[in-house]
Amino acid sequence: MTEWWQRGAVYQVYPRSFADSDGDGVGDLRGLRAHLDHLAGLSVAAVWLSPVFPSPMADFGYDVSDLCDVDPLFGTLADLDDLVADCHARGIRVVLDWVPNHTSDQHPWFLASRSSREDPRRDWYVWRDGAPDGGPPNDWRSEFAAVGPAWTHDERTGQWYLHSYTPQQPDLDWENPAVEAAMHDVVRFWLGRGVDGLRIDALQRLAKDPLLRSNAGSDRRHDQDWETAHERLRGIRRVVDEFPDRMIVGEVYLLDLPRVVAYLAGGDQLHLAHNFVFVHLPWDAEAFRAAIEEFEALAEPEAWPAWFLGNHDHSRIATRYDIGDGDDGGHGPARARAVALLLTALRGTPFLYQGDELGLPDAVVPPDRVVDVDGRDPERAPLPWRPPSVAGPGAGFTTGDPWLPLVADAERLCVERQAADASSTLSLVRRLAALRAGSPTLQTGRQRMVDAGPGVLAWLREDDDDRLLAAVNFTSEPRPLPVDGEATLLVSTDPGRPPGRDVELGPDEAVLLRLAGG
Ligand code: NOJ
């Protein structure tokens, strides 16, 4: 049986930047509810919301101070219930972002934990004495280079606490069964409320060397991806399986595919994993082919792939892939379109980050507007809904001052303009999504890579009598199209494709064809 999370795309909403209903410059749940037509137009299977829980916003919601409520900036728990109901009425599932590795330093658990060495919550977090030289207990570093050591000294109790991210995000101690049980109850809280799934933030961090040994001098890291991760994940999955038809997707931020795939094994861990190896690929057909084939070779046959090339932590696709070999750029828009076809036509669940459907580039964020500790503001710029010339500088995202500047070309890239233009990226992405929604072959058909010559990634999708061929030209030159026999062009990403060009792929072009005689 095809599961809901296999059929269509999962669309990531970064709630601060999606749509603002109350003019405070920050997106909110009511703003999102007012734009569900946009999601329906993309035939998405599910929407994943980056965290909306109460938070001091040191890491824009990934520092959670109440795990079972909604931050007033975004609305109320009732607004979230209404959003879930409205999504369900449209056949869209809702996935929340669960942050189990750490809480905010303002969470009551941590306030208690740091209050004294004797507090019953002391051992809910990772507290240690400093090294003999007075420095931190070991050499672990924060994920954010600007933060430095992953330890902060606490004057009051004279010990250090661990934080894999900012000092405002102390790591919970998952070695403590009481922590594990409390976090399982958070899963029950949200799934019991009708949420369809969870994205598990920083899953690789849930298990660390219990002896807290330094990384230096070891051939492996001790601050993440410890063996115990899998048992812990199985514990989470058992809780998830108390509820029918739910899905968990893990952020397994490891650049080693065998280790990522290990989190999908056995049918009792993740349903889906974000594959960061994919996000770090250069724009190169051979590199993409190798990454796809490696995943398929490693994963058990029942493990299901998921593919993404953009999220709120990485430079936007249209910017990342803008520069070609030996030129000054300008490839971004065409490659963003090619990526849309690639993600739609690969076997596996596509993840789309809000704005990818518009081909948005990174925004330019002047130094005095920088708010993120790790340089991620440009990809988090608010969505432009309407032309600023009509809707004002908030471009339909807000009537107030947006919390981050919008992309420079909001006038041309906004949803309203693109919706009215059949050759726009938005129109293309809608067409691709509709094709996938109506095609069992694209959803679950078999997949086979095809040799298509240097610089071209091509693959077949097959199901009963239906045969589709997808091809992406990663080069800036025309390339032969790898088809013998008759084929019907279903979609090209090049709006200027000459009608007679049936033997060739244009530069940066991707196509999807139906082959005759399947
Ligand atoms: C991964 C999230 O995607 C990122 O935005 C966040 O800063 C870290 N985890 C810490 O929660």
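1. In this predicted model, aspartate 313 places an N or O atom of its side chain 2.5 Å from an oxygen atom of the ligand. That separation falls within the 3.5 Å limit for a polar contact. The ligand on its own would expose 300 Å², and the protein buries 97% of this area.

2. Two further side chains approach ligand oxygen atoms. For histidine 312, an N or O atom of the side chain is 2.9 Å from an oxygen atom of the ligand. For arginine 199, the corresponding distance from a polar side-chain atom to a ligand oxygen is 3.2 Å.

3. The ligand is surrounded by 13 residues, of which Asp59, Asp201, His312, Asp313 and Arg376 are the closest. By class, the shell comprises seven charged, three polar and three nonpolar residues. A colleague setting up calculations may ask how many residues of the shell are charged; the count is seven.

4. According to an unreviewed UniProt entry, residues 12–380 carry the annotation "domain: Glycosyl hydrolase family 13 catalytic". Within residues 12–380, helix accounts for 28% of the chain and strand for 11%. The C-alpha atoms at the two ends of this segment are 12 Å apart.

5. One open sheet contains three strands, arranged β4-β6-β5 with antiparallel pairing. Its edges are β4 (127–128) and β5 (151–154), each of which pairs on one side only. Strand β6 (residues 159–162) runs antiparallel to β5 and is joined to it by four bridges. In this pairing, threonine 152 has tyrosine 161 of β6 as its bridge partner.

6. Another open sheet has five strands in the order β12-β13-β14-β18-β16, again with antiparallel pairing. Which strands form its edges? They are β12 and β16 (487–492), each pairing on one side only. From one strand to the next, the twist averages 25°.

7. Within the five-strand sheet, β12 (residues 446–450) and β13 (residues 456–463) are paired antiparallel through five bridges. Glutamine 447 is matched with arginine 461 of β13 as its bridge partner. The two strands, β12 and β13, make a hairpin with five residues between them. Glycine 453, located in the turn, has a positive phi of about 85°.

8. Strand β13 also pairs with β14 (residues 466–473), in the antiparallel sense and over eight bridges. Leucine 460 has leucine 469, in β14, as its bridge partner. As a general point for reading such pairings, side chains in a regular strand alternate between the two faces of the sheet.

Notes
Residues numbered from 1 in each chain as written. Predicted model: local features only at pLDDT ≥ 70, side-chain atom pairs only at ≥ 80, totals over all residues. Heavy atoms only, no water. Near = heavy atom within 4 Å. Polar contact = N/O pair within 3.5 Å; in protein donor to acceptor, adjacent residues only side chain to side chain. Areas by Shrake-Rupley, 256 points an atom, 1.4 Å probe, with all protein chains shown as cover. Nonpolar A, V, L, I, M, F, W, Y, C, P; charged D, E, K, R; others polar. Pairing = 2+ DSSP bridges. UniProt positions renumbered as here; feature names shortened; annotations may be inferred. Axes fitted to C-alpha atoms, helices over the stretch in contact; angles between N-to-C directions.
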